[in-house]
Amino acid sequence: MPENAETTETTNAGARPAARPGGRNARVRSQILAATTELVARNGVAGLRYEEIAELAGVNKNSVYRNWPDRAELVSDALLQYAEDSAPLHDSGNLRRDLVDFLMVLSERLSSSIGRALWQATIAAPGNTDLDEAVRAAYDQRFATVRRRFESAVEKGEIPPVDSYFLTELLSGPVHLYVNRRRHPFTREVAEKLVDVVLAGIHATTP
C-alpha cells in the first residue's frame, strides 16, 4: 500500500480539502469513493472499516480520515458518485433514443454485481438511517438527469408540458422489476417498447 499517495491532499492539517476537478487529490478521492462503494456492496455499512477502504483504494488510511472524518458522509458521497457515473443521459436531440439509451445503462448497472449487492444491502438493513439516506440521495441523483431531459424536451417543443418526476418513476420502475425478478432479460427491444408506450401516453393524454 503506497504511503505517499496523500502527500499533496491537504493544505491545512486536520482540514477537509476542497474537491478539485483534477490532480492527485481528485484521483485519490475517486479511488476512495469507488472502494467504499464496493465494500458497502460486500459487507453493508455496519462492516465498513477505513483500513479496508484504504487498502482497496491503494492509499494511506489517513487519506480517508482527512477527506471524510464522518463515515455517513463518506458512504453518501460514494453512492452519489456511483449513481452519477452509472446513469449518463445525453441530449442527442432525439428524446426517444436518449431515454432508451438511459434505460439500457440503468439495466446494466442494476444487473452488475455491485448494483445487486447494494440493493441487497439496503434490503438487509432497512433501519440503517445512514444507508437509507445515502441510497435515496443516489437514486435522486441518478434520475435527475432524466427529469432534466424531459424538461428540456418540453422547452424545445418535443413533448407537451409533463410531470417529469412521475414519468421518470414510470420509466425506471419496470427496469427494476425486470432486473430483480430475473424472469426475462431487459433488452433494447423492451426498452424501446417501454419508451414508446410512455411517449404515446404523453401525447394521447394532452388536452
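## Salt bridges, helices and cores in a predicted model

Lys 61 and Glu 51 form a salt bridge, in which the closest N and O atoms are 3.6 Å apart. This pair links distant parts of the chain, since Lys 61 sits in helix 3 (residues 61-67) and Glu 51 in helix 2 (residues 50-57), 10 residues apart. The structure described here is a predicted model, and the distances in the text are to be read with that in mind. With a relative accessible area of 32%, Lys 61 is partly exposed, and Glu 51, at 33% relative accessibility, also counts as partly exposed.

Another salt bridge brings together the side chains of Arg 49 and Glu 52, with 3.3 Å from N to O. Arg 49 is partly exposed, its relative accessible area being 41%, while Glu 52 is partly exposed with a value of 28%. A search of the whole structure finds 11 salt bridges, and the next one to visit lies in helix 9.

In helix 9, the side chains of Lys 193 and Glu 189 meet in a salt bridge of 3.6 Å, N to O. Because Lys 193 and Glu 189 are four residues apart in this helix, about one helical turn separates them. Lys 193 is exposed, and so is Glu 189. Elsewhere, salt bridges that share partners join Asp 91, Asp 98, Arg 149, Lys 156 and Glu 158 into one network.

One member of that network, Asp 98, is found in helix 5 (residues 95-111). Is Asp 98 buried or exposed? Its relative accessible area is 4%, so Asp 98 is buried, the limit for that term being under 20%. When neighbours within four places in sequence are left aside, Asp 98 is in contact with Leu 89, His 90, Asp 91, Ser 92, Gly 93 and Arg 149. Asp 91 and Arg 149, which appear among these contacts, are also members of the salt-bridge network.

Helix 9 itself covers residues 188-204, and its 17 residues should span 24 Å at 1.5 Å a residue, which agrees with the 24 Å between its end C-alpha atoms. The buried residues in helix 9 are Val 190, Ala 191, Leu 194, Val 195, Val 198, Leu 199 and Ile 202. Seen down the helix axis, the buried residues of helix 9 fall within an arc of 160 degrees, and therefore they line one face of the helix. The face turned away from this buried side carries the exposed residues Glu 189, Lys 193, Val 197 and Ala 204, so that the salt-bridged pair Lys 193 and Glu 189 belongs to the face of helix 9 turned away from its buried side.

The largest nonpolar core has 26 residues, and those with the most contacts inside it are Leu 99, Leu 103, Phe 150 and Leu 171. At least two residues of this core are supplied by each of helix 5, helix 7 (129-156), helix 8 (164-181) and helix 9. Which helix supplies the largest share of this core? It is helix 5, from which eight residues come. Phe 150, leaving aside its neighbours within four places in sequence, is in contact with Leu 99, Ile 159, Val 162, Ser 164, Leu 167, Thr 168, Leu 171 and Ile 202. Apart from the largest core lies another, of 22 residues, among them Ala 54, Val 64, Trp 68 and Leu 79.

Helix 8 has 18 residues and reaches 26 Å from its first C-alpha to its last, close to the 26 Å expected at 1.5 Å a residue. Its buried residues are Ser 164, Leu 167, Thr 168, Leu 171, Ser 172, Val 175, His 176 and Val 179, and of these Ser 164, Leu 167, Thr 168 and Leu 171 are among the contacts of Phe 150. At the start of helix 8, a side-chain oxygen of Asp 163 reaches to within 3.2 Å of the backbone nitrogen of Tyr 165. Just after the helix, Arg 182 takes a positive phi of about 55 degrees.

A last stop is Gly 115, which lies in helix 6 (residues 113-124) and, at 10% relative accessibility, counts as buried. Not counting residues up to four places away in sequence, Gly 115 touches Tyr 82, Arg 109 and Leu 110. Gly 115 and Thr 37 are 78 residues apart in sequence, and 9.7 Å apart in space from C-alpha to C-alpha.

Terms used:
Residues are numbered from 1 along each chain as its sequence is written. This is a predicted model: local features need pLDDT of at least 70, side-chain atom pairs count only at pLDDT 80 or more; totals for chains, interfaces and linings use all residues. Side-chain values use heavy atoms; hydrogens and water are left out. Buried means under 20% relative accessible area, exposed over 50%, partly exposed in between (1.4 Å probe, protein chains only). Contact means heavy atoms within 4.5 Å. The expected span of a helix is 1.5 Å times one less than its number of residues. The arc is that of the directions from the helix axis to the C-beta atoms. A salt bridge is a side-chain nitrogen of Lys or Arg within 4 Å of a carboxyl oxygen of Asp or Glu. A nonpolar core is a set of buried Ala, Val, Leu, Ile, Met, Phe, Trp, Tyr and Cys residues joined through side-chain atoms within 4.5 Å. A polar contact is a pair of N or O atoms within 3.5 Å; within protein, one must be able to donate a hydrogen and the other to accept it, and residues adjacent in sequence count only if both atoms are side-chain atoms.
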